[in-house]
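Here is a quick walk through a protein–DNA model, kept to what can be computed from its atoms. Have the structure open as you read.

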Number of protein chains: 2
Amino acid sequence: MTQALTINEAAATTGWSARMLRYVEQAGLVAPARSASGYRLFGPGELQRLRTLKELLSQFEVSLSEVAFAARLERDGQLREAISAWLAAEAERPAEVRADDWLRFEQDKHERLLAAAA
Amino acid sequence: MTQALTINEAAATTGWSARMLRYVEQAGLVAPARSASGYRLFGPGELQRLRTLKELLSQFEVSLSEVAFAARLERDGQLREAISAWLAAEAERPAEVRADDWLRFEQDKHERLLAAAA
DNA sequence: CAAACATTGACACGGTTGTGGTAAGGTTGG
DNA sequence: CCAACCTTACCACAACCGTGTCAATGTTTG
């Protein structure tokens, strides 16, 4: 029932190159089984996963290493907590930083630059 | 009046270089206010944030861009969902793929592929 | 056995990250 | 006014990411 493909076959049906399949594995995003002699064996689940991953990357403009980092985040709760806490502190942005100032500055700068160029 | 530091002062008290403070800002991880003439003004909160960030990076061996990505994840729920879903599917690794089966699969494989290609 | 395919390891190469510089020019303050 | 500071915009450079390719070597199979 469950058929497993070797790397080039998997490459053919997933759109990844064989090289990239090895790379993706090294990134820890898939873990194909191995035959007794060391050949990678991609099962249907893995193949689907690889196709989905490809879609994920292109649809969201996300990189492989970013997905790998997300995986690390899910694994390491401590890290997730630390980062999450740090980011939360960011949201607490004191309102005294008036956005208007910045805009005004940008406008002013533009005028200054234009004046300088003239 | 407002005890806000300019970039080199901020660099001195946070341990970042002025260059890196600009870089970190560009990465979207801090947003110092600006004086009317465009000088960055780092308030106490920002300074603390910068120190904490430095600690975060070294303690967890995390890169600046990874933290930036985490920020993106928090901002973009859709992306977070998509990645989270993909990762969840990974955990669902059926152990039914047993070593004994490989032999048989290897034998069947060729026939299946040939049949499929025909 | 020989052809076809797999494995690891390495070289290569353009693109990004992290970091330091330098230059050209505005701002500040004594 | 002048020195010291700030700004942006570049050049540089090592280290890594994503990819291809090639070599040396083991495996499967007609």
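## Fold, DNA surfaces and a helix crossing

Chain A has 6 helices and 2 strands, where helices (H or I, at least four residues) and strands (E, at least two) are DSSP runs numbered from the N terminus. Along the sequence they come in the order α-α-β-β-α-α-α-α. This is a predicted model, in which local features need pLDDT of at least 70 and side-chain atom pairs pLDDT 80 or more, while totals for chains, interfaces and linings use all residues. Residues are numbered from 1 along each chain as its sequence is written, and chains are lettered from A and ligands numbered from 1 in the order in which they are written.

Of the 118 residues in chain A, 23% count as buried (20 or more other C-beta atoms within 10 Å of the residue's own; 12 or fewer is exposed, in between is partly exposed, with C-beta atoms placed from the backbone). Among contacts in chain A between residues at least 6 apart in sequence, 52% join residues at least 24 apart; a contact here has the two C-beta atoms, placed from the backbone, within 7 Å.

Now the DNA. A residue is near a strand if its C-beta atom, placed from the backbone, lies within 6 Å of it. Classes go like this: Ala, Val, Leu, Ile, Met, Phe, Trp, Tyr, Cys and Pro are nonpolar, Asp, Glu, Lys and Arg charged, and the others, Gly among them, polar.

| DNA strand | Residues around it | Nearest residues | Classes |
|---|---|---|---|
| C | 19 residues | A:Thr6, A:Asn8, A:Arg40, B:Ser17, B:Leu64 | 7 nonpolar, 8 polar, 4 charged |
| D | 20 residues | A:Ser17, A:Leu64, B:Thr6, B:Asn8, B:Arg40 | 6 nonpolar, 9 polar, 5 charged |

For strand C, helix H1 (7-14) of chain A and helices H2 (18-26) and H4 (64-75) of chain B each supply at least two residues. For strand D, that role goes to H2 (18-26) and H4 (64-75) of chain A plus H1 (7-14) and H6 (99-117) of chain B.

How do the two H4 helices pack? H4(A) and H4(B) meet at about 75°, with axes 10 Å apart (axes are lines fitted to C-alpha atoms over the stretch in contact, and angles run from 0 to 180 degrees between N-to-C directions). That makes H4(A) roughly perpendicular to H4(B), the word for 65 to 115 degrees. A:Glu66, A:Phe69, A:Ala70 and A:Leu73 make the contact with B:Glu66, B:Phe69, B:Ala70 and B:Leu73.

Finally, A:Glu61 has a positive phi near 55° without being a glycine. A:Glu61 sits in the loop between H3 (44-60) and H4 of chain A.

How values were computed: Angles under 35 degrees count as roughly parallel, over 145 as roughly antiparallel, 65 to 115 as roughly perpendicular and the rest as oblique.
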